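Hi,

Here is the structure I promised to pass on. Have a look at it first, and then read on for what turned up among its aromatic side chains.

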Amino acid sequence: MTKVLLLYTTHEKQTLKIMQRIKTHLEGKCDCDLIELLPDTKIDLGNYKAVLIGCSIRYGFYSKTMKKFIDANYQQLNALKTGFFGVNVVARKPNKNTPETNLYTKKFLVKIAWQPTIKAVFAGALYYPKYNWFDRNMIRFIMWLGKGDTDVTKEVIEYTNWTKVDEFAEQFVELIDN
């Protein structure tokens, strides 16, 4: 059975939630390792036939840990069947929800030597009550500027389009099947 790496970084676990949803599409089709990339995580890409990387942004930037991993492993990644998805709240807007129209994802993909076979951008979620004072107020201000939801009493404000996630998951299944 094909061995697949599902690698992610996350701030509030929305990227994990998306990756878990994608994993359900892969069940029975391949053997998956779902791993959160932390600074001390060691991964041997030689063990995998395909890799899916999911990464969220915080204050306009993707994870430095993920960028460092990609920079160190781009040659192996380019030799594998790979996918990438970014998660950010800006992607809730129809004109900013693709890798070609989402400024954060465009900038990230230009800065790296790895060229994922397939890519996507998904809107994330807000968890105002879980944020510390600074993050809650900064994110609320950013959302106010972007005409988003600023109600800090809501437990979760989820923008993720699960149909779009399912479609991307099926694209990834097709990629590893071929």
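Tyr 131 is buried, because its relative accessibility is 7% and anything under 20% counts as buried. Its ring partner Tyr 128 is buried too, at 0% relative accessibility. The two tyrosines, Tyr 128 and Tyr 131, make an edge-to-face pair, with 6.0 Å from centre to centre and 80 degrees between the planes. Do keep in mind that this is a predicted model.

That pair has company: the count of aromatic pairs comes to nine. Another of them is Tyr 62 with Phe 108, a tilted pair whose centres are 4.7 Å apart and whose planes stand at 50 degrees. What I like here is where the partners come from. Tyr 62 belongs to strand S4 (residues 61-62) and Phe 108 to helix H3 (residues 103-111), so the pair links distant parts of the chain, 46 residues apart. Both rings are tucked away from the surface by the same 20% cut-off: Tyr 62 is buried at 8% relative accessibility, and Phe 108 is buried at 6%.

Tyr 62 and Phe 108 also sit in a wider group, since they form one aromatic cluster together with Phe 84 and Trp 114.

Last, two arginines worth clicking on. Arg 58 has its charged end over the ring of Tyr 59, 5.8 Å from the ring centre. Arg 92 lies over the face of Tyr 159, and there the distance to the ring centre is 5.6 Å.

Cheers

Note on methods
Residues are numbered from 1 along each chain as its sequence is written. This is a predicted model: local features need pLDDT of at least 70, side-chain atom pairs count only at pLDDT 80 or more; totals for chains, interfaces and linings use all residues. Side-chain values use heavy atoms; hydrogens and water are left out. Rings of Phe, Tyr and Trp (its six-membered ring) pair if their centres lie within 6.5 Å; planes under 30 degrees apart count as stacked, over 60 as edge-to-face and the rest as tilted. Helices (H or I, at least four residues) and strands (E, at least two) are DSSP runs, numbered from the N terminus. Buried means under 20% relative accessible area, exposed over 50%, partly exposed in between (1.4 Å probe, protein chains only). A charge sits over a ring if NZ of Lys or CZ of Arg is within 6 Å of the ring centre and within 35 degrees of the ring normal.
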